[in-house]
Amino acid sequence: MSESLHLAGPVSVETALFRLPEALALESGEVLPDVRLAYRTWGTLNAAGDNAVLVCHALTGSADADNWWPGLIGEGAPLDPARDFIVCSNVLGGCYGSSGPFWPNADGSGDPVGTAFPEVTVRDMVRAQHALINALSINKLKLVIGPSLGGMQVMEWAASYPDLVGAIAPIGVSARHSAWCIGIGEAQRQAIGADPNWRDGRYRASAIPARGLAAARMMAMVTYRSWENFESRFPRAPDQTTGFDVQSYLSYQGDKLVERFDAASYYRLTQAMDSHDISRGRFPDIIAALRAIVCPALIVSVSSDVLYPPHEQGFMASHMPHAVYRTLESPHGHDGFLIDLAPLSELINEFLAALPSRVSAA
């Protein structure tokens, strides 16, 4: 790696940096002249270039998929480097090495560019990833898999590059972002913007901790878990009126994110999630867009997910010609895909085992 990564938090020493060979024209009409993507790989690409698996991360994730999805990558795991060439990149707009709001301003001050970095869409993210996949000489992605924001990228890959994608596994996501999710994201952005230390799309250098970002994360954590999860983990004592355990938990989660993530990246990435709609500009409605995705697909719901409720994944599967629908039974809410890894691995292994016959049948 010939140039330094610009990071809001730690990444593996194995993280590499890819520089797109051409400027990237965004859906907004703006052009990014010099785009980098931080990425990691596991395993070896075969001679045919068709054993590749692309893993797409969620909102605050990084290219270190083996860290945030332990047990899904490794020897004997669903994604096995002995068999698969696994790729994961930090998204465009992220803050773990890829071009985004945390990259330094061109004025030479060293300050991050903040929200002067333009709005990007999930489709923009996937187009940047596509350049990386081409540079790695990958001829076929046998599987594209990811949860939440990662699942949005999965769906965009299937819609944008159907000839390159062999199969997909979107987890805990919808075919387009709902008004419910857009409203939650907007409330989080308003929390960031209401922080008095937030100026011109970034925090002042002395603004530690970033309370607006911490508050946004606290809001998010409520939607990432479930009623059952909170009730079992944080029971109130008899006659208790103050000092609830759940308050301390949410404060801890907010502070922990502030230590590792950039507020302007959070702002831009939640806006990108709002853009998610695989039918936009392509088909008259979402059903037509789903029917056009003909590759084998594993659609996974988390049973207690209140952010992307299971009926959204059921709707997707019902209109995709070669989809199987499975439910990850979990009391943990949306974050079940990060917690209940053993049953999730079983679902993925079951799908992959059936994949050759499903492809031939299609």
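**Helix packing and the largest pocket**

In this predicted model, the crossing of helices α4 and α5 is right-handed. The two axes approach to within 7 Å and cross at roughly 160°. Because angles over 145 degrees count as roughly antiparallel, α4 is roughly antiparallel to α5. Helix α4 spans residues 179-194 and helix α5 spans residues 211-224. On the α4 side, the contact is formed by Ile184, Ala187, Gln188, Ala191 and Ile192. Helix α5 contributes Gly212, Leu213, Ala215, Ala216, Met219, Ala220 and Thr223. Sorted by class, the contact of α4 with α5 comprises nine nonpolar and three polar residues, with no charged residues.

A second helix pair is formed by α2 (residues 122-135) and α3 (residues 149-160), which pack at an angle of about 70° with their axes 9 Å apart. This angle falls in the range of 65 to 115 degrees, and α2 is therefore roughly perpendicular to α3. The crossing of α2 and α3 is right-handed. From α2, the residues Val122, Arg123, Met125, Val126, Gln129, His130 and Ile133 take part in the contact. They meet Leu149, Met152, Gln153, Glu156, Trp157 and Ser160 of α3. By class, the contact of α2 with α3 contains seven nonpolar, four polar and two charged residues.

The largest pocket of the model has a volume of about 730 Å³. Its lining consists of 38 residues, and those nearest the centre of the pocket are Thr60, Arg217, Tyr224, Arg260 and Leu338. Both α4 and α5 are among the elements that supply two or more residues to this lining. The other elements that do so are α1 (65-68), α7 (245-260), α8 (263-274) and α11 (336-339). In terms of residue class, the lining of the largest pocket divides into 19 nonpolar, twelve polar and seven charged residues.

How values were computed
Residues numbered from 1 in each chain as written. Predicted model: local features only at pLDDT ≥ 70, side-chain atom pairs only at ≥ 80, totals over all residues. Heavy atoms only, no water. Axes fitted to C-alpha atoms, helices over the stretch in contact; angles between N-to-C directions. Helix = DSSP H or I, 4+ residues; strand = E, 2+ residues; numbered from the N terminus. Parallel < 35°, antiparallel > 145°, perpendicular 65-115°, else oblique. Left-handed = near helix turned anticlockwise from the far one by under 90°. Contact = heavy atoms within 4.5 Å. Nonpolar A, V, L, I, M, F, W, Y, C, P; charged D, E, K, R; others polar. 1 Å grid on protein atoms, 1.4 Å probe; cavity = no way out; pocket = protein on both sides within 12 Å on 5 of 7 lines; lining within 4 Å. Points joined across faces, edges and corners; volume = space filled by probe spheres on them.
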